[in-house]
Amino acid sequence: MSLLLAKHGWPYRKPPTGVPFTVNRDSEQAEGLVGWWPTLGSRGQNVLRDYSGRARNGIFGGTPIHITNAELGVGIQFEDVGGDYINVGAISEPSNAITLVSWVRTGSGSQDDFGVYVGKQVAGGPPYLSYGLRESTSVGGAQSGFFVTISNVFRDAGQYVLSANTVYCLVGTWRSGDNLRYYVNGVQQLVTAAAYSGTITYNNIYPTLIGRSNLDNASVNATIFDTRIYNRALTVEQARQLYDPQTRWELYRPLIPRRRYYVAAAAPAATVGHLALLGVG
């Protein structure tokens, strides 16, 4: 069946569950995407497709499982005990600006290790990690935060406590010459006291992982629904729009089946009494 792209992104407050979609290039949310891994696009599969157009598809490790959620659709559940993760390859960008986005539902388990919703290791010793949205859980909640290694110096926005078994939109941003900022459900909750200039430090021995840190081989106790990496720092308003129910699905552009219409045409003279149906559209 031929397909016709809808003009706008998904316009409803509920997720486009069961609806084929692609990236909405008309959306401001598509600008600067390094990778976009919506779990809705990989229902029941063992590959997490990259919808940014960069072909950075994620390969499952461990036994993460697909589950459904009324608010966000289909998610992938990770457990620290199983060592679950998704490997999206050795990504060595962004450089002098970054935004990390993760839609998650926190779990109720406890662990003392340093897991990441999305992140990349840089070394076996300090500064350890290039960037990440982290989870270090304790009973009843999770210590979350955002960090970036800038010109070989580890910079951390701090820690913010998330409640157990709760859905969150987590966003971390930084650009050279500015502060690290951490947003939870559209509201800035953490910001560094100082601004930092430089570039992000990388080591491509290590891949970018969703749901697990190379550092402690620690997986998060959470369900992840949407992961994004940008090569720019989203503004306060743009971070708010990612959470706003009216705009959170804007990046999802539904693929709408093209309707086919039929019209009656006069039959040739040699075929008296018959009509020909012509497909249009």
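Here are some notes on this structure, which is a predicted model.

1. Start with the overall make-up. The chain has one helix and 24 strands, so expect to spend your time looking at strands rather than helices. Of its 281 residues, 49% are buried. About 12,500 Å² of the chain is exposed, and 51% of that comes from carbon and sulfur atoms.

2. Next, the contacts. Take the ones between residues at least 6 apart in sequence: 64% of these join residues at least 24 apart. Val 171 and Arg 228 give you a pair to look up, with their positions 57 residues apart in sequence and a C-alpha to C-alpha distance of 9.3 Å.

3. Val 171 deserves a stop of its own. You'll find Val 171 in strand β15, residues 167–175. Is Val 171 buried or exposed? Its relative accessible area is 1%, and because anything under 20% counts as buried, Val 171 is buried. Neighbours within four places in sequence aside, Val 171 touches Thr 99, Leu 100, Val 101, Leu 133, Arg 181, Tyr 182, Tyr 183, Ala 239 and Leu 242.

4. One of those contacts, Tyr 182, leads to a hairpin. Strands β16 (residues 181–184) and β17 (residues 187–191) run antiparallel and pair over four bridges. Tyr 182 has Leu 190 of β17 as its bridge partner. Two residues sit between the strands of this hairpin, and Asn 185 in the turn has a positive phi of about 50 degrees.

5. While we're on backbone angles, here is the background: most residues other than glycine have a negative phi, and most peptide bonds are trans. Two loop residues are worth checking against that. Ala 55, in the loop between β4 (47–48) and β5 (58–61), has a positive phi near 60 degrees. Asn 152, in the loop between β12 (141–150) and β13 (153–156), has a positive phi of about 70 degrees. Ala 55 is exposed, at 60% relative accessible area, and Asn 152 is exposed too, at 55%.

6. Don't skip the peptide bond between Glu 93 and Pro 94. That bond is cis, with omega at about 10 degrees. Pro 94 belongs to the loop between β8 (85–87) and β9 (97–106).

7. Now for the empty space inside. How many cavities of 30 Å³ or more are there? The count is two. The largest cavity has a volume of about 70 Å³. Its lining is made up of Leu 40, Leu 72, Trp 103, Phe 225, Asp 226, Arg 228, Arg 248, Trp 249 and Tyr 252. Which strand supplies the largest share of that lining? Strand β21 (residues 222–230) does, with three residues. By type, the lining of the largest cavity has six nonpolar residues, three charged and no polar ones. Arg 228, from the pair in the second point, is one of the lining residues.

8. Last, the second largest cavity, which holds about 40 Å³ of space. Glu 28, Gln 29, Arg 232, Leu 234, Gln 238 and Gln 241 line the second largest cavity. Here the split is one nonpolar, three polar and two charged residues. Set that beside the largest cavity, where no polar residue appears in the lining.

Notes: Residues are numbered from 1 along each chain as its sequence is written. This is a predicted model: local features need pLDDT of at least 70, side-chain atom pairs count only at pLDDT 80 or more; totals for chains, interfaces and linings use all residues. Side-chain values use heavy atoms; hydrogens and water are left out. On a 1 Å grid over the protein atoms alone, a cavity is a set of points where a 1.4 Å probe fits but cannot get out, and a pocket is an open set with protein on both sides within 12 Å along at least five of seven lines; lining residues have an atom within 4 Å of a point. Grid points are joined across faces, edges and corners, and a volume is the space filled by probe spheres set on the points. Ala, Val, Leu, Ile, Met, Phe, Trp, Tyr, Cys and Pro count as nonpolar, Asp, Glu, Lys and Arg as charged, and the others, Gly among them, as polar. Buried means under 20% relative accessible area, exposed over 50%, partly exposed in between (1.4 Å probe, protein chains only). Contact means heavy atoms within 4.5 Å. Accessible areas come from the Shrake-Rupley method with a 1.4 Å probe; for residues, only the protein chains shown count as cover. Two strands pair if DSSP finds at least two bridges between them.
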